[in-house]
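Please walk through the chain shown below, starting with its charges and overall build and ending with one helix.

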Amino acid sequence: MAASPARAQERLNVVASFSILGDFVRNVGGDRVSVTTLVGPDSDAHVYSPTPADAKRIADAKLVFVNGLGFEGWLPRLVKSAGGKAAIVTATSGIAPLKHGSEADPHAWQSVANAKIYVANVRDALAAASPADAELFRSNAETYLAKLDALDREVRANCADLERDF
């Protein structure tokens, strides 16, 4: 009987491949998720080398959030070595990436419109993994999406001001 209330208070254990994605997950998940980020804010995901501790983190996770679009070339080997049962969530699902020649630009979060898709994908994955917290995740996502809308309006207004000045 004591296990049920304690279990209800457990946080969803998730891993994000890099810091920006980790921020999206923290904003949507709030205090109902425990987020570990593999590549920190002062590191470069393009040259990152996973460690055995990273494999353990993935093995212990319920969800692993990845950017996709070829951003984490090291990830398939890491997931395989981890042997965990974590669901892999591609945060860029539904995003048409910019192309540089024949290659997709994996830095899709740099567009506010795309960042909103990341947030929706995070919200949906968290809600599916923890249905009891789904309403909280939806509410947190709506709050965060409103902040992104405000940011988008501010950027557009500043760009319009610049255009008038030239």
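How far apart are the mean positions of the positive and negative charges of the chain? In this predicted model, they lie 8 Å apart, taken over 18 positive and 20 negative charges.

Next comes the overall build. The chain contains six helices and six strands. Followed along the sequence, these elements come in the order α-β-α-β-α-β-α-β-β-β-α-α. Along the principal axes, the C-alpha atoms fill a box of roughly 70 × 35 × 25 Å.

Surface and interior can be taken together. The accessible surface of the chain is about 9500 Å², and carbon and sulfur atoms contribute 54% of that area. Of the 166 residues in the chain, 40% are buried, where buried means under 20% relative accessible area. Among contacts with a separation of 6 or more, 60% are between residues 24 or more positions apart.

Helix α2 gives a local view of the interior. The helix covers residues 19-29, and its buried residues are S19, L21, G22, F24, V25, V28 and G29. What do the buried residues of α2 pack against? Their partners include three strands: β1 (12-18), β2 (33-39) and β3 (63-66). The buried residues of α2 also pack against two helices, α5 (112-129) and α6 (134-165).

The end of this helix has a backbone feature to look at. Just after α2, G30 adopts a positive phi of about 55 degrees. The residue before it in the sequence, G29, is among the buried residues of the helix.

Definitions and conventions:
Residues numbered from 1 in each chain as written. Predicted model: local features only at pLDDT ≥ 70, side-chain atom pairs only at ≥ 80, totals over all residues. Heavy atoms only, no water. Buried < 20%, exposed > 50% of the residue type's maximum accessible area, 1.4 Å probe, protein only. Helix = DSSP H or I, 4+ residues; strand = E, 2+ residues; numbered from the N terminus. Contact = heavy atoms within 4.5 Å. Areas by Shrake-Rupley, 256 points an atom, 1.4 Å probe, with all protein chains shown as cover. Lys, Arg positive; Asp, Glu negative; His and termini not counted. Charge placed at Lys NZ, Arg CZ, Asp CG, Glu CD.
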